[in-house]
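Trainee: Could we go through this model together, with the reasoning behind each term spelled out as we go?

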Amino acid sequence: MYRPIRRTAAALALGGVLAGCGDFLEGPGLTTNPNAPTSATTDHLYHAAQLTQFLFHEGDVARMSSIFVQQMAGIGNQLIGRGRYGLSDQDLAASMDALYLGGGLVDLREIQSRAAANNDRVYAGIAKVWEAYTMGMAASLWGDLPYSEAANPEIRTPQFDDQAQIYATVQGVLDDAISDLGSGQGRGPGAVDVVYGGDAARWMAAAYTLKARFYMHWVEAQGSSGTHNGQDPAQLAQTACGGNCVQKALDAARNGISGPANDLVFPHGATPGEENLWYQFMFVARQGQITAGRVLVDLLKERNDPRLAEFFDPVDGEIIGSDPGERDASPLNRAGRGAAGFSQPQVTYAENQLILAEAQYRLGSAGAALTHLNNARAAVTLPALGGLGGDALLREIALEKYVALFQNIEAWNDYKRLCMPVLQPASGTEVIGRILYSDNEKNVNPNVPGEGNLVRNDNDPRSCQ
C-alpha cells in the first residue's frame, strides 16, 4: 500500500471519531479545518488519481504478473500459492475496486467534466489517457468488465461490457485524448502531473504507444479460426481494432514515444511514503517472499545482458534465480530496480520500438523489423543483431520485450500472445491466463458473469502448452 494513502485514510477515520464530540466548540476558525476540506479541487482529484493508478499498475497485479511469467518467483507465505495460480476472488479485490473508486474511473470522469466546463482540453486529454490506460489493461486481465454503465451514480448494478467492446471504447477515448492534447487549449495540470509535468506532446506520444499496445493484444485472436469461449475470436478482434490490428498498431506506434527520455515512468523517491512499491514490498513489508525468477536470470546470462546486474543483487557472489516456490535466490538490486527511489517504467520507447518490430515482421518487412529490434537493443547497449528472419526474428523480438517489460503487467499479456519464452507451468497444464473478479463485486452486483472453468480471455484464444 502506498503510504500517503494510508495516512489519508487514518486522518479521515480520526475525523469521523471527532465528529461525534458535540457542538460545544463552533464557529469560523474552530470547526473549519483547512486540512480537512469538504470538497476537492480538480488538482486534488488528479493528484489522488495518480496515486491510485500507481498502485494499480505497479502494485499487486504487477507482482503477480511478474511471478506468472517467471521473471520473479514467489517463495514465501501466500506468494508460493499465488505463484502456483492458487488465486481467490479476494486476492486482487482491492485492485479491481481501484478501477472505479478512490482515484479510479469516477474521479477521472469528474476531472474530464470539470476540464470541459473550463475549456481546458489539455487537462481533459491527460485524464482520458489515464482512463484508457487503466481500463484497457483491466480488460486484458479480467476480460468483460463494467464500463459503459460504470461511474454512473444512478446505476447501482452496472452491466459487464464485452472485452472486445471495452477495447474499442478505449481506442475511441485515446483518439479523443490525442485530439484534446493537440488542441493547445487550457493550462492542464502543470506541476501537479508528476509524470510529464503536464507536457501535452509527451502525453500524446504515450497515448499513441498505448493505442499500439492495445491493438497488439488482439493480433492472435484476429488470426484465429473456430471458436473460443463460444465466440469467434476473429470477429471480436474486428470489433476491438476496427480493422487490421497489426496495421493499426504499426500506424499508431509510428507516432509513439520517440526516445527513452520520454518514457512514461512512475516517479519515486527515498523519502518515506514516496518509495518504489517494489522496494516497499520486498525490503520493508514482506522480506523474503519474492525473489528473482530462474527463467529471466538464465535468459539474461545467456544473452550477456547488462541488465542482469541492474535487476538483481548477487547471493554469495552469484546472481541466481528460483523456480516458482522453490528456493531463496537473488533479490532486486537495491541500488537499481529495487532502490527506494527507482522510478518505474510503464510505457516506454523500448516497448514502442518492439511493437514496431513485431508489426513490421508480421506485415512481411523483416529488414524494418530488425532495425526496430536493434534500436531497442542499442538503448541498453546491446550489440546489433544481423541476418535474422522468420521464427528466429520473432523469437528475438519477443525475448527482448520480455526483458524490457520487467516488472510490468504487459509482460504477462505478451506471453499470453506469443508463448515466449518457453515456460513450464508452475501448476497444472497451463500458465494462468486471467484473474478472478473481486468478491466485493460479486457480493453486490448480480451481473457478474459466471467464470466456471474460464482460464483465458477472448483476446487470448491460444494455449501455450
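Mentor: In this predicted model, Asn333 sits in the loop between α15 (307–311) and β4 (344–347).

Trainee: Why is Asn333 called buried?

Mentor: Its relative accessible area is 11%, and buried means under 20%, so Asn333 is buried.

Trainee: What makes the pairing of the Asn333 side chain with the backbone oxygen of Ala309 a polar contact?

Mentor: A polar atom of that side chain lies 2.6 Å from the backbone oxygen of Ala309, and the cut-off for such a pair of N or O atoms is within 3.5 Å, so the pair qualifies. Beyond four places in sequence, Asn333 also touches further residues, including Phe311, Phe312 and Gly338.

Trainee: Which residues have the most contacts inside the largest nonpolar core?

Mentor: That core has 119 residues, and Phe312 is listed there with Met72, Trp130, Trp142, Leu145, Trp203 and Trp218. Helix α7 (residues 121–142) gives the most to this core, with 15 residues.

Trainee: How do you know that the length of helix α8 (residues 163–181) agrees with what is expected?

Mentor: The expected span is 1.5 Å times one less than the number of residues, so the 19 residues of α8 should span 27 Å, and its end C-alpha atoms are indeed 27 Å apart.

Trainee: What makes Asp162 a cap for α8, and what covers the buried residues of this helix?

Mentor: A side-chain oxygen of Asp162 lies 3.0 Å from the backbone nitrogen of Ala164, at the N-terminal end of α8. The buried residues of α8, among them Ile166, Tyr167 and Leu174, are covered by elements including α7, α9 (200–216) and α11 (233–241).

Technical notes. Residues are numbered from 1 along each chain as its sequence is written. This is a predicted model: local features need pLDDT of at least 70, side-chain atom pairs count only at pLDDT 80 or more; totals for chains, interfaces and linings use all residues. Side-chain values use heavy atoms; hydrogens and water are left out. Helices (H or I, at least four residues) and strands (E, at least two) are DSSP runs, numbered from the N terminus. Buried means under 20% relative accessible area, exposed over 50%, partly exposed in between (1.4 Å probe, protein chains only). A polar contact is a pair of N or O atoms within 3.5 Å; within protein, one must be able to donate a hydrogen and the other to accept it, and residues adjacent in sequence count only if both atoms are side-chain atoms. Contact means heavy atoms within 4.5 Å. A nonpolar core is a set of buried Ala, Val, Leu, Ile, Met, Phe, Trp, Tyr and Cys residues joined through side-chain atoms within 4.5 Å.
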